[in-house]
2 protein chains.
Amino acid sequence: MVVDELNDETVDRLFHALADTTRRDILRRCVRGELSVSRLAEAYPMSFAAVQKHVAVLERAGLVSKQRSGREQLVRTDPDAVGRARQALDELESAWRGRVDRMARLLAEEPGTAEPQVPGIEENNTPEGPER
Amino acid sequence: MVVDELNDETVDRLFHALADTTRRDILRRCVRGELSVSRLAEAYPMSFAAVQKHVAVLERAGLVSKQRSGREQLVRTDPDAVGRARQALDELESAWRGRVDRMARLLAEEPGTAEPQVPGIEENNTPEGPER
DNA sequence: CTAACGTACAACCAAATGGTTGTAGATGAG
DNA sequence: CTCATCTACAACCATTTGGTTGTACGTTAG
């Protein structure tokens with residue numbers, strides 16, 4: 001598994017998609033991938049189009065994928081997506097805390113994917129300003 | 001440590017606060033708690049007031065706290081806050097995956113805080129619709 | 001004391017968000 | 001074939017967001 005550095009826009013979309021109760025609920029429901037958009041929409045007090053938009057937000061964030069089945073569009077939560085969110089948190093956290101331990105953890109989890117570590121990063125990690 | 005169920009609004013605010021590059025950058029910079037708001041503002045291509053608002057968003061999400069020091073207001077990232085975000089992801093994920101293993105992990109981490117588990121939850125966990 | 005600094009907050013604005021309704025194109029059921 | 005269903009998407013609207021400038025106020029430096 002390549003660790004695949006998450007860029008800012010990706011993380012923005014990821015967290016933004018997660019920052020809504022309805023969308024988080026959709027994620028929970030769609031792990032088994034059996035629900036069509038209209039079926040989903042029945043569960044919420046809003047229009048079909050609104051739910052469609054929520055699914056689109058989740059899809060752009062990579063949290064969900066759609067698979068056509070006849071005239072229905074089945075929504076399926078990507079189980080690894082939450083892992084990516086967790087990775088984003090890890091990358092945030094790794095800027096300050098448990099840098100070494102976490103690195104060790106990663107190395108333990110994924111032997112062979114170790115990026116050659118630049119020696120001597122100590123308190124050098126005040127990131128430069130973002131480009132927003 | 002009380003596990004403290006995170007309610008929807010809390011999680012909304014948490015992820016929303018994290019869904020912005022500037023705010024994540026502020027979090028990284030303020031772990032040591034030495035930066036005043038105006039000092040922070042120097043780092044970004046936007047006005048003092050804009051940064052002030054970002055800090056306010058982080059504060060409402062519980063990711064950051066301010067401490068007065070003379071005329072300055074020092075911003076400090078709550079190191080446990082990212083933990084809370086992780087917990088929110090855990091709670092999401094626990095709706096489907098590794099329910100048992102994760103529970104075991106929690107029990108291992110926090111012996112004594114185990115909530116008596118209702119036996120026989122199997123496929124019963126389609127949550128009811130949110131109230132949004 | 002006075003001036004400069006750091007903060008708070010209001011007012012304003014453009015763009016994005018979250019919702020709506022309406023229309024139209026595929027697809028499947030009968 | 002025809003009709004109902006599912007989806008896609010545009011247009012519209014209210015609210016929120018992310019930014020601005022301006023003003024006011026407390027605090028510290030000189």
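The exercises below work through a predicted model of two protein chains and two DNA strands, each with a stepwise solution.

In this predicted model, local features need pLDDT of at least 70 and side-chain atom pairs count only at pLDDT 80 or more, while totals for chains, interfaces and linings use all residues. Residues are numbered from 1 along each chain as its sequence is written, chains are lettered from A and ligands numbered from 1 in the order in which they are written, and side-chain values use heavy atoms, with hydrogens and water left out.

**Exercise 1. Chain A in outline**

Task: State how many helices and strands chain A has, and in what order they run.

Solution.
Step 1. Helices (H or I, at least four residues) and strands (E, at least two) are DSSP runs, numbered from the N terminus.
Step 2. On that basis chain A has 6 helices and 3 strands.
Step 3. Starting at the N terminus, their order is α-α-β-α-α-β-β-α-α.
Step 4. Chain A has 132 residues, of which 38% are buried; buried means under 20% relative accessible area, exposed over 50%, and partly exposed in between (1.4 Å probe, protein chains only).
Step 5. Among contacts in chain A with a separation of 6 or more, 53% join residues 24 or more positions apart; contact means heavy atoms within 4.5 Å.

**Exercise 2. Helix H5 of chain A**

Task: Compare the span of H5(A) with the expected value, then describe its N-terminal end and its burial.

Solution.
Step 1. H5(A) covers residues 79-93, which is 15 residues.
Step 2. The expected span is 1.5 Å times one less than the number of residues, giving 21 Å here.
Step 3. From first C-alpha to last, H5(A) reaches 22 Å, close to that expectation.
Step 4. The N-terminal end is capped by A:Asp78, with a side-chain oxygen 2.9 Å from the backbone nitrogen of A:Asp80.
Step 5. The buried residues of H5(A) include A:Ala81, A:Val82, A:Ala85, A:Leu89 and A:Leu92, and also the charged A:Arg86, A:Asp90 and A:Glu93.
Step 6. For reading such a list, an α-helix has 3.6 residues a turn, so residues three or four places apart point the same way.

**Exercise 3. A:Glu5**

Task: Is A:Glu5 buried or exposed, and how many Å separate its C-alpha atom from that of A:Gln87?

Solution.
Step 1. A:Glu5 is located in the segment before helix H1 (8-18) of chain A.
Step 2. Its relative accessible area is 66%, so A:Glu5 is exposed.
Step 3. A:Gln87 is 82 residues away along the chain, yet the two C-alpha atoms are separated by 9.1 Å.
Step 4. A:Gln87 itself is among the buried residues of H5(A).

**Exercise 4. The surface around DNA strand C**

Task: Identify the residues nearest DNA strand C and the atoms involved.

Solution.
Step 1. A residue is near a strand if one of its heavy atoms lies within 4 Å of it.
Step 2. Of 23 such residues, the nearest are A:Ser47, A:Lys53, A:His54, B:Ser38 and B:Gln73.
Step 3. Side-chain N or O atoms of A:Ser47 and A:His54 lie 2.6 Å and 2.2 Å, respectively, from a phosphate oxygen of the strand.
Step 4. For B:Gln73, a polar side-chain atom is 2.5 Å from a phosphate oxygen of DNA strand C.
Step 5. Elements giving two or more residues to this surface are H4 of chain A and, from chain B, helix H3 (37-41), H4, strand S2 (64-69) and strand S3 (72-77).
Step 6. By class the surface has 6 nonpolar, 8 polar and 9 charged residues, where Ala, Val, Leu, Ile, Met, Phe, Trp, Tyr, Cys and Pro count as nonpolar, Asp, Glu, Lys and Arg as charged, and the others, Gly among them, as polar.
Step 7. Of the strand atoms within 4 Å of the protein, 64% belong to sugar or phosphate and the rest to bases.

**Exercise 5. B:His54**

Task: Place B:His54 in the fold and list its surroundings.

Solution.
Step 1. B:His54 belongs to helix H4 of chain B.
Step 2. With a relative accessible area of 12%, B:His54 is buried.
Step 3. Its side chain makes a polar contact with that of B:Arg23 at 3.2 Å. A polar contact is a pair of N or O atoms within 3.5 Å; within protein, one must be able to donate a hydrogen and the other to accept it, and residues adjacent in sequence count only if both atoms are side-chain atoms.
Step 4. Beyond neighbours within four places in sequence, B:His54 is in contact with B:Asp20, B:Thr22, B:Arg23, B:Ile26 and B:Met46.
Step 5. B:His54 is also one of the closest residues to DNA strand D.
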